[in-house]
Amino acid sequence: MHRQAGHSFRKTARIPSLGAKSLSQKYFVSPEVFAREQAEIFSKEWLLVGHQSQVAKPGDYFLAAIAGESVIVTRDRKSQVRGFYNVCRHRGARLKEDTRGYTSAIQCPYHAWTYGLDGRLVGAPHMDDVPGFDKADYPLHPVNLELWEGFIFVNLKKDPQPLKKWFAPLKGKFSHWNMSILQPAKRIEYDVRANWKLMFENYSECYHCPGVHPQLQKVSPYDSAENDLREGPFLGGFMKINPGKSLTMSGNACASFVGRIENLQQVFYYSIFPNMLLSLHPEYVMVHQLWPKSPERTLIVCDWFFHPDAFNRRDFKPDDAIEFWDMTNKQDWHVCELSQQGIASRAYQPGPFSSRESIPAAWDRYYLQVMK
């Protein structure tokens, strides 16, 4: 039996809970449910917003839009990654408009109040003659921000559970993939006309693969899944890759391996509640961020990461993997949109999960638990 990072795998439980069915219609179309999700999930849970490679040097920054808020993510002079609300402490103006870039300081475009990369107010024109004014009283409002395996997570909750504790069940599990040092090769954003939960359910099963993904099915058999995480916020496991093959357009490996991978004929798929899909291949890592925009629309941000040494090799062909998954992603998003359209019908009723849909059923259970 294969073992990876101290975690053993057992055969997937083939039967979901007795009587398990898909969610009722309101969870996919209701504005009230969507508002509750934003309040109870996206305003309180740890959310993936990016990778530390996006802020490689002090002054690099990007913006993240979370539950109606704009957050500045930047690296300060001491190389610490920080998050701040994109709100000036003077009259509340947005500080940054460009979604990413470089800045030596954070200056408000309205009245030129200026903040250091650590959030301190360092300049406030014509405020020195205001009785009792002290710049130390007006730093930028911080946002909870922590790193996991090089990925940047933020939490809008006032006093959230520490990220280290949240991710404790996964400690050391993915160390072989060296994710903290990987470098991005490509980002593609998808505007999908479907509810965000449909993407999680789609990602968590390959029952649909023979008909929807003929190219994927040729390389990775749909019935080869073995899951080790079956309940809670972390779900998934691995599927087999046919001997000598890779998940690329050519079927060949496209880069040097990301680390000391024990079994080159396996690809790992994990969903991390509520907005991360993590796909671990021998020679690259693919990550999806999911950002619900309405009950019927989701922005999906997909990044491909490779080992830094791969970029200097002649046999480095990242497009081979990127094109394969761009094709596969679009196939998935299409059927998710078809699902959204059908679920909106007056004829829709929740349907029973098959024996190969235990993970989507588990995801729904955890979602309902959080929404109580």
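## Close-ups of a predicted model

**Figure 1. Charges and overall build of the chain.** In the protein chain, 45 positive and 39 negative charges have mean positions that sit 3 Å apart. Keep in mind throughout that this is a predicted model. The secondary structure adds up to eight helices and 19 strands. Measuring tape along the principal axes, so to speak: the C-alpha trace of the protein chain spans about 75 × 55 × 35 Å. The radius of gyration is 22 Å, which agrees with the value near 21 Å that a compact globule of 372 residues would have.

**Figure 2. Inside and outside of the chain.** How much of the protein chain counts as buried? The share is 53% of the 372 residues. The accessible surface comes to about 17300 Å², and carbon and sulfur atoms own 50% of that. Contacts reach well along the sequence too: among those between residues at least 6 apart, 68% join residues at least 24 apart.

**Figure 3. The disulfide between Cys206 and Cys209.** A disulfide, as a reminder, is a covalent bond between the sulfur atoms of two cysteines. Searching the whole structure turns up one disulfide. Its partners are Cys206 and Cys209, with sulfur atoms 1.8 Å apart. Which hand does the disulfide of Cys206 and Cys209 have? The torsion about the S-S bond is about -105°, so this disulfide is left-handed. Both ends are tucked away: Cys206 counts as buried at 10% relative accessibility, and Cys209 counts as buried at 3%.

**Figure 4. Cysteines without a partner.** Cys108 takes part in no disulfide, and the nearest cysteine sulfur, the one in Cys88, is 3.8 Å away. That distance rules the pair out because a disulfide here needs sulfur atoms within 2.5 Å. Cys108 is buried, with a relative accessible area of 5%. For Cys336, the closest cysteine sulfur belongs to Cys209 and is 12 Å off, which is too far for a bond. Cys336 counts as buried as well, at 2% relative accessibility.

**Figure 5. Phe234 and its surroundings.** Phe234 belongs to strand E15, which covers residues 234-240. Is Phe234 buried or exposed? With 6% relative accessibility, Phe234 counts as buried. Setting aside residues up to four places away in sequence, Phe234 touches Trp166, Phe167, Pro169, Leu170, Leu229, Ser271 and Ile272. Another residue to look for in this view is Ala362: Phe234 and Ala362 are 128 residues apart in sequence, yet their C-alpha atoms are 9.9 Å apart in space.

**Figure 6. Helix H4, wrapped up by the rest.** Helix H4 runs over residues 196-203, and eight of its eight residues are buried, so the helix is largely enclosed by the rest of the structure. Who is on the list of buried residues of H4? Trp196, Leu198, Met199, Phe200 and Tyr203 are among them, and so are Lys197, Glu201 and Asn202.

**Figure 7. A cis peptide bond at Pro274.** Most residues other than glycine have a negative phi, and most peptide bonds are trans. The bond from Phe273 to Pro274 is cis, with omega near 5°. Where does Pro274 lie? Its place is the loop between strand E16 (266-272) and strand E17 (276-280).

**Figure 8. Positive phi at Ala67 and Ser79.** Ala67 is not a glycine, but has a positive phi of about 50°. Ala67 is found in the loop between strand E4 (60-66) and strand E5 (69-75). At 28% relative accessibility, Ala67 counts as partly exposed. Ser79 is another residue other than glycine with a positive phi, near 70° in this case. Ser79 sits in the loop that links E5 and strand E6 (81-85). Ser79 counts as partly exposed, at 41% relative accessibility.

**Figure 9. Ala93 and its contacts.** Ala93 lies in the loop between E6 and strand E7 (100-102). Which residues is Ala93 in contact with, leaving aside neighbours within four places in sequence? They are Asn86, Val87, Cys88, Cys108 and Tyr110. Two of these names, Cys88 and Cys108, also turn up in Figure 4. To find Ala225, zoom out: Ala93 and Ala225 are 132 residues apart along the chain, and their C-alpha atoms are separated by 50 Å.

Technical notes:
Residues numbered from 1 in each chain as written. Predicted model: local features only at pLDDT ≥ 70, side-chain atom pairs only at ≥ 80, totals over all residues. Heavy atoms only, no water. Helix = DSSP H or I, 4+ residues; strand = E, 2+ residues; numbered from the N terminus. Rg over C-alpha atoms; globule rule 2.2 N^0.38 Å. Buried < 20%, exposed > 50% of the residue type's maximum accessible area, 1.4 Å probe, protein only. Contact = heavy atoms within 4.5 Å. Areas by Shrake-Rupley, 256 points an atom, 1.4 Å probe, with all protein chains shown as cover. Lys, Arg positive; Asp, Glu negative; His and termini not counted. Charge placed at Lys NZ, Arg CZ, Asp CG, Glu CD.
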